[in-house]
Amino acid sequence: MEPIKNFLKGFFEYFKQSSTEYIEFELRELENVFALILMASFIGIPSPPTTLVLRLMPHMVKEIKVMQQRAIDLDDVFAEVAGMFDID
Amino acid sequence: MRKYLLPQDGFRVIFVIGKGGVGKTTTSASLAVALAEAGHKTLIVSLDPAHNLGDVLMEKLSDKPREIMENLYASELDMEGMIREYLEHLEKNLKNMYRYLTVINLEKYFEVLRYSPGIEEYATLEAIREILSEGDNWNVIVFDTPPTGLTLRVLALPRISLIWADKLIEIRKKILERRRAIAKIQGEQKFVVDGEEIKLPTEEEEDGVMRELKAYRSEVEFVYKTITDPKKTSVIAVMNPELLPLYETKRAYESLKKFKVPFNLIVMNKVIQLEREVPEIKVKIEAQKRVMEEVKREFRGVDIVEIPMFQEEPRGIEWLRKVGGMIVGNP
């Protein structure tokens, strides 16, 4: 009985993971864009009102981390997209 | 008395704009004195970084309103100090929260911010917002503004800020939607910073970013509603009967129209009036006449007041009272 239970658990776990994969990708992109917009003045793009940026910054820990990670991953953006769509 | 200078719906806000050196400060001080004399509790605030309101009133002023005469209070805002203080306060706040995020090198960021383009406009807007939020303490608030360019940008800011806030709120809503969708399938999502677990907010009420965005939006909306309401705000342009101030006033008129800020009066300052003809300045008088004619043609529906060039500079309460009477339209 136990192996079957474990198998089913693993199966559903996998199913749960893959079902949110695309939403997670989308979420990460949105968070990245959100942080990028707020920090755009660094790279010379018009940014939102400075006061607003300063007020939002303290709440942006997650988004800024995502943005930094994205900047690191950008080295290999094609590999990531290929991975997303199961292209080998 | 001109109706658009008096309080109608709560307090009245008057912005006095114009090119540098045309007499904005004198005009706003005269106006404030006249309104105070008429029994309205008046606050005059100088937003100009190059202050001379104190010189005109012949009083020493600070950023706290000070009583000059009955019903008249005056203050000069120290914009640079405000920017510095504001950034220092934020820097401290942020440093606490970003202990773990040393990567973005905050000190450098603040160094840049202090000189970043636009910070002055935002600080000015912030100052105006603060004064307006306590507007009910006064009947009339007169703003003596920095030269036209900066003022126009400040008056345009609320609308631009609203657009930004709305756009960011839109993206934020999408982010929260995605987070909710993921949380529904996978359960509560955690985010680990420096070993500290933080629950990712999924609802608008618990998301700090959304709360700030909404608070900011409503603050800016309040300023926007106030400065575009003809019952609350009037803009007075001061100019001299010369071509350059004329061009600048025209530009100001156009852009204020675009941002729906009511423009009511032109004070034509330093008009040379001669009793007999002086051949040496005949050309100047004629140029002056041409400008005046053009002003009357160009600005239909806008009141025009002429203030003559006095033999001495109008300073001190007595002078201001006299000039103020001319501006508000007292007999």
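## A tour of chains A and B

Start at the interface: select R179(B) and E63(A), which form a salt bridge whose closest N and O atoms are 3.1 Å apart. What you have open is a predicted model. Side chains of opposite charge can pair when their charged atoms come close.

**The interface**

Stay here and widen the selection. How many salt bridges does the rule find across the interface of chain B and chain A? There are 6. Now show every residue in the contact: chain B gives 39 residues and chain A gives 36. About 3,900 Å² is buried between the two chains. Carbon and sulfur atoms give 74% of that area. For the pair as a whole, the model scores ipTM 0.78 and pTM 0.83.

**Chain A: helices α1 and α3**

Zoom out to find salt bridges over all chains; the whole structure holds 28. One to select is R70(A) with E29(A), where N to O is 2.8 Å. Where do these two residues sit? R70(A) is in helix α3 (residues 61-73) of chain A, and E29(A) is in helix α1 of chain A. The pair is 41 residues apart and links distant parts of the chain.

Next, display both helices in full. The axes of α1(A) and α3(A) come within 8 Å and cross at roughly 100°. That crossing angle is why α1(A) counts as roughly perpendicular to α3(A).

Show the side chains where they meet. From α1(A), pick R28(A), E29(A), E31(A), N32(A), A35(A) and L36(A). From α3(A), pick K62(A), E63(A), I64(A), V66(A), M67(A) and R70(A). Colour them by class: this contact has 5 nonpolar, 1 polar and 6 charged residues. E63(A) is listed here, and E63(A) is also the partner of R179(B) in the salt bridge that opened the tour.

**Chain B: helices α8 and α9**

Move to chain B and select residues 243-258, helix α8, and residues 282-298, helix α9. Their axes come within 10 Å and cross at roughly 10°. With that angle, α8(B) is therefore roughly parallel to α9(B). On the α8(B) side, the contact is made by L243(B), L246(B) and K250(B). On the α9(B) side, look for V291(B), E294(B), V295(B) and E298(B). By class, this contact has 4 nonpolar, no polar and 3 charged residues.

**Chain B: Y73**

Now pick Y73(B), in strand β4 (residues 72-76) of chain B. Which residues does Y73(B) touch beyond its neighbours within four places in sequence? Select K41(B), T42(B), L43(B) and I44(B), then P65(B), R66(B) and E67(B), and finally W138(B). For a distance check, draw a line from Y73(B) to L61(B): 9.9 Å, C-alpha to C-alpha, with their positions 12 residues apart in sequence.

**Last stop: confidence**

Colour by pLDDT. Chain A has a mean of 80, with 90% of its residues at 70 or more. Chain B has a mean of 87, with 92% of its residues at 70 or more.

Now go element by element. In chain A, helix α4 (residues 77-84) has the lowest mean, 70, and helix α1 (residues 2-38) the highest, 84. In chain B, helix α4 (residues 106-114) has the lowest mean, 67, and strand β5 (residues 140-144) the highest, 95. Where pLDDT is low, the predicted coordinates should not be read in detail.

Notes
Residues numbered from 1 in each chain as written. Chains lettered and ligands numbered in written order. Heavy atoms only, no water. pLDDT = per-residue confidence, 0-100. Helix = DSSP H or I, 4+ residues; strand = E, 2+ residues; numbered from the N terminus. Axes fitted to C-alpha atoms, helices over the stretch in contact; angles between N-to-C directions. Parallel < 35°, antiparallel > 145°, perpendicular 65-115°, else oblique. Contact = heavy atoms within 4.5 Å. Nonpolar A, V, L, I, M, F, W, Y, C, P; charged D, E, K, R; others polar. Buried area = accessible area lost by both parts, 1.4 Å probe. Salt bridge = Lys/Arg side-chain N within 4 Å of Asp/Glu carboxyl O.
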